[in-house]
Amino acid sequence: MKIIVRAFWDEEAQVWAAQADNKFGLFAEAATVEALTKKLPIVARDLLGDDYQGELDIELVTTSHQVIAAE
């Protein structure tokens with residue numbers, strides 16, 4: 001199963017937040033992209049339940065951000 005997950009920096013919460021594009025219901029947050037990458041397969045397997053034995057192909061698409069001060 002292919003799951004496309006889009007991640008963005010949540011400035012208010014100070015975490016990376018990620019949500020699946022489809023109606024899969026996957027949502028996760030983590031302090032770093034690396035931590036989020038490790039967390040996503042675990043969350044996906046939990047959502048799918050013990051009956052799902054197929055492979056997961058999770059594509060993580062991140063949006064970078066920069067704060068630029070104008071003078």
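**Surface and overall dimensions**

I began with the surface: the accessible area of the chain comes to about 5300 Å². Carbon and sulfur atoms hold 51% of that area. I note here that the model is predicted.

Next I looked up the extent of the chain. Its C-alpha atoms fill a box of roughly 55 × 20 × 15 Å along the principal axes. The radius of gyration is 14 Å, whereas a compact globule of 71 residues would have one near 11 Å. I then checked burial and found that 23% of the 71 residues count as buried. For contacts with a separation of 6 or more, I get 32% from residues 24 or more positions apart.

**Fold**

I listed the secondary structure: one helix and four strands. Along the sequence I read the pattern β-β-β-α-β.

In what order do the four strands lie in the sheet? I find β3-β2-β1-β4, in an open sheet with mixed pairing. β3 (27-30) and β4 (57-62) are at the edges with a single partner strand each, so one side of each has no neighbour in the sheet. From one strand to the next, the twist averages 25°. I keep the general point in mind that strands of a sheet pair through backbone hydrogen bonds, parallel or antiparallel.

I placed the helix next. Helix α1 (residues 33-48) lies across β1 (2-10), β2, β3 and β4. Its angle to β3 is about 150°.

**The β2-β3 hairpin**

I went through this pair by residue. β2 (residues 15-20) and β3 run antiparallel and are joined by four bridges. Trp16 stands opposite Ala30 in β3, and Ala18 stands opposite Ala28. Six residues lie between the strands of the hairpin, and Gly25 takes a positive phi near 90°.

Which side chains of β3 are buried? I find Ala28 and Ala30 buried, pointing to one face. Phe27 and Glu29 point to the other face and are not buried.

**Aromatic rings**

I searched for aromatic pairs and found one. The ring centres of Trp9 and Trp16 are 5.8 Å apart and the planes stand at 65°, so I record the pair as edge-to-face. The cut-off for that label is over 60 degrees. I also looked up the burial of Trp16: its relative accessible area is 13%, so it counts as buried. The limit for buried is under 20%.

**Gln14**

I checked the backbone of the loop between β1 and β2, where Gln14 lies. Gln14 has a positive phi of about 60°, although it is not a glycine. I noted this because most residues other than glycine have a negative phi. Is Gln14 buried, partly exposed or exposed? At 43% relative accessibility, I count Gln14 as partly exposed.

**Val5**

Last I took Val5, which sits in strand β1. Its relative accessible area is 0%, so Val5 is buried.

What does Val5 touch, leaving aside neighbours within four places in sequence? I list Ala18, Gln19, Ala20, Leu26, Leu40, Ile58, Glu59, Leu60 and Val61. Of these contacts, Ala18 is a residue I had already met opposite Ala28 in β3.

I also took one distance from Val5, to Lys39. The two are 34 residues apart in sequence, and their C-alpha atoms are 12 Å apart in space.

How values were computed:
Residues are numbered from 1 along each chain as its sequence is written. This is a predicted model: local features need pLDDT of at least 70, side-chain atom pairs count only at pLDDT 80 or more; totals for chains, interfaces and linings use all residues. Side-chain values use heavy atoms; hydrogens and water are left out. Two strands pair if DSSP finds at least two bridges between them. Helices (H or I, at least four residues) and strands (E, at least two) are DSSP runs, numbered from the N terminus. Axes are lines fitted to C-alpha atoms, for helices over the stretch in contact, and angles run from 0 to 180 degrees between N-to-C directions. Contact means heavy atoms within 4.5 Å. The radius of gyration is taken over C-alpha atoms; the globule rule is 2.2 Å times the number of residues to the power 0.38. Buried means under 20% relative accessible area, exposed over 50%, partly exposed in between (1.4 Å probe, protein chains only). Accessible areas come from the Shrake-Rupley method with a 1.4 Å probe; for residues, only the protein chains shown count as cover. Rings of Phe, Tyr and Trp (its six-membered ring) pair if their centres lie within 6.5 Å; planes under 30 degrees apart count as stacked, over 60 as edge-to-face and the rest as tilted.
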